[in-house]
Amino acid sequence: QVQLVESGGGLVQPGGSLRLSCAPSGILYSITNMGWYRQAPGKQRELVAFITHGGETNYTDSVLGRFTVSRDDAKSTVSLQMNSLKPEDTAVYYCFMSAASPTWSIIKYWGKGTLVTVSS
């Protein structure tokens with residue numbers, strides 16, 4: 001079973017930047033959307049940003065103008081550049097990729113999450 005592996009989380013001061021990256025542990029086929037969810041303590045998981053196979057991007061309102069999602073199809077990776085970070089961005093960030101399952105239906109693959117803490 002292919003899993004996604006995130007990297008780049010950590011502790012950063014308000015106003016700082018972090019870059020998250022995500023790559024599959026094996027080969028994925030027919031990847032469509034790639035992106036990131038996050039879950040803050042005591043809150044539901046929310047969609048932060050995603051990018052389609054055609055390169056269209058979509059962001060939740062709270063990160064517009066601060067976060068940028070990008071993908072490298074040659075490497076099957078997705079990244080999230082986070083600038084001007086705020087304490088309310090503190091959460092566990094999960095990457096996902098929609099791709100073909102072993103039975104060729106399209107399913108979401110998930111990472112285990114990486115913690116981002118924004119604090120002075």
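The exercises below treat salt bridges, burial and a surface patch in a predicted model.

Residues are numbered from 1 along each chain as its sequence is written. In this predicted model, local features need pLDDT of at least 70 and side-chain atom pairs count only at pLDDT 80 or more, while totals for chains, interfaces and linings use all residues; side-chain values use heavy atoms, with hydrogens and water left out.

**Exercise 1.** Find which residues are linked with D89 in a network of salt bridges, and state where D89 and R38 lie.

Solution.
1. The criterion is a side-chain nitrogen of Lys or Arg within 4 Å of a carboxyl oxygen of Asp or Glu. A search of the whole structure gives four salt bridges.
2. D89 pairs with R38, and their closest N and O atoms are 3.0 Å apart. D89 is in the loop between β8 (77-82) and β9, and R38 is in strand β4 (residues 34-39), so this pair ties together parts 51 residues apart in sequence. Strands are DSSP runs (E, at least two residues), numbered from the N terminus.
3. D89 also forms a salt bridge with R66, at 2.7 Å from N to O. R66 sits in the loop between β6 (57-59) and β7 (67-72), 23 residues from D89, and the pair links distant parts of the chain.
4. The network consists of R38, E46, R66 and D89.

**Exercise 2.** Classify D89, R66, R71 and D73 as buried, partly exposed or exposed.

Solution.
1. Buried means under 20% relative accessible area, exposed means over 50%, and partly exposed is in between (1.4 Å probe, protein chains only).
2. D89 has a relative accessible area of 1%, so D89 is buried. R66, at 11%, is buried as well.
3. R71 and D73 meet in a salt bridge (2.8 Å, N to O). R71 is buried at 17%, whereas D73 is partly exposed at 43%.

**Exercise 3.** Compare the burial of S101 and W104, and name the nonpolar patch that W104 helps to make.

Solution.
1. W104 lies in the loop between β9 (91-100) and β10 (106-110), and S101 is found in the loop between β9 and β10.
2. S101 is buried, with a relative accessible area of 9%; W104 is exposed at 59%.
3. S101 touches I107 and Y109, not counting residues up to four places away in sequence. Contact requires heavy atoms within 4.5 Å.
4. I27, Y29 and W104 make a nonpolar surface patch of about 410 Å². Patch residues have over 30% relative accessible area and no salt bridge; like charges are joined within 9 Å, and nonpolar side chains (Val, Leu, Ile, Met, Phe, Trp, Tyr) within 5 Å. Accessible areas come from the Shrake-Rupley method with a 1.4 Å probe, and for residues only the protein chains shown count as cover.

Key. Helix = DSSP H or I, 4+ residues; strand = E, 2+ residues; numbered from the N terminus.
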